[in-house]
Amino acid sequence: MLLPQFRNLAFGLFAALFFSLVSPSALAETDPLPSWNDLPAKHRIIAFVRQTVTPESARFLPAEKRIAVFDNDGTLWVEQPVYAQMVFTLDRIRAMAPSHPEWRTKEPFKAVLENDYKNIPGLSLDFFELMIPTHTEMTTGAFRKTVSEWAATARHPHFKRPYAKLVYRPMLELLAFLEKNGFQNYIVSGGEVEFVRALAGSAYGIPPNRVIGSALKTEYKEAATAPEIIRKKKIENISNGQNKALLIDRIIGINPVLAVGNSDGDYEMLEWTTAGKDGLGVIIHHTDEKREYAYDRLSGMGTLKKALDDASRQGWLVVDMKRDWLNVFPDE
């Protein structure tokens, strides 16, 4: 039997050897969601994933049925004070203005160039008119390139950081945790699909074929060197409300088992996912006015009223950002 002093020495040597051999990344894997506080929301998500991938569990699902869908704005990254796509559109109007002198006297372009946003009633009402010259009559490749170049230099008006730095760290951890456990993660955004596709790979590691969103009409066009897909001046679909569920059904063809959103625009997506006994619906509730923003019922961006009222009845998990998230952004 070792004397006490030798037992302590042996334990110290063992601990030193263990921590020298085990990498920090391996230790971090013991907690798949380190930026989530150790509270019921985190426990429920981890338990759901564990049950889904454990063959002995009543909730076990084969890999092909492990489909998770995520809203983008306000769910994966910041959506206040206006959506990133709106900021992109306004920036493009200013950049293109020298080639369009008529915009100096034509609304809503005039208001944008004069930073007179109060004269753009409910900005979104005129958003399509602003989108036309900035989003259309170009190839899908050219548009994605323009978006990527914008994202490299654009800064959020409040945080003064690139939008890629304003993705939610807890959500990146959740995406990685799901991927590691055989889930296929999809973005189902109200934003224009090619705008989101241009950013989803670098921001979240989600490839273009797993992005669903609002879409413009496109046209196949013969060209001198190779055919082109041209973006036209007409909306094909709006990915919001019921349309989110319809697009999931049409494009994925498999009911999701996990849906995460943050607004009433995600209601039907959450409802469609949790209609069966195996699904989990999650709402990100913005309650942290210091680290991010606090908003729900009265917000023009990400209005959360009906979904919040019905969450308990529907069995949806409401994640309180202020309470449940230890960190908000990657660089915290």
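These exercises deal with the sheet and the aromatic rings of one predicted model.

Residues are numbered from 1 along each chain as its sequence is written. In this predicted model local features need pLDDT of at least 70 and side-chain atom pairs count only at pLDDT 80 or more, while totals for chains, interfaces and linings use all residues, and side-chain values use heavy atoms, with hydrogens and water left out.

**Exercise 1.** Work out the strand order of the open sheet and which strands form its edges.

*Solution.* Begin with the order of the 7 strands (DSSP runs of E, at least two residues, numbered from the N terminus), which is E4-E3-E2-E1-E5-E6-E7 with mixed pairing. Next, look for strands that pair on one side only (two strands pair if DSSP finds at least two bridges between them): these are E4 (228-237) and E7 (317-320). Finally, turn to E6 (residues 280-285), which runs parallel to E7 and is joined to it by 4 bridges, with Ile284 standing opposite Val319 in E7.

**Exercise 2.** Classify the ring pairs Phe88 with Phe143 and Trp103 with Phe109.

*Solution.* Recall that rings of Phe, Tyr and Trp (its six-membered ring) pair if their centres lie within 6.5 Å, and that planes under 30 degrees apart count as stacked, over 60 as edge-to-face and the rest as tilted. For Phe88 and Phe143 the centres are 5.9 Å apart and the planes stand at 85 degrees, so this pair is edge-to-face. For Trp103 and Phe109 the centres are 4.7 Å apart and the planes stand at 5 degrees, so this pair is stacked.
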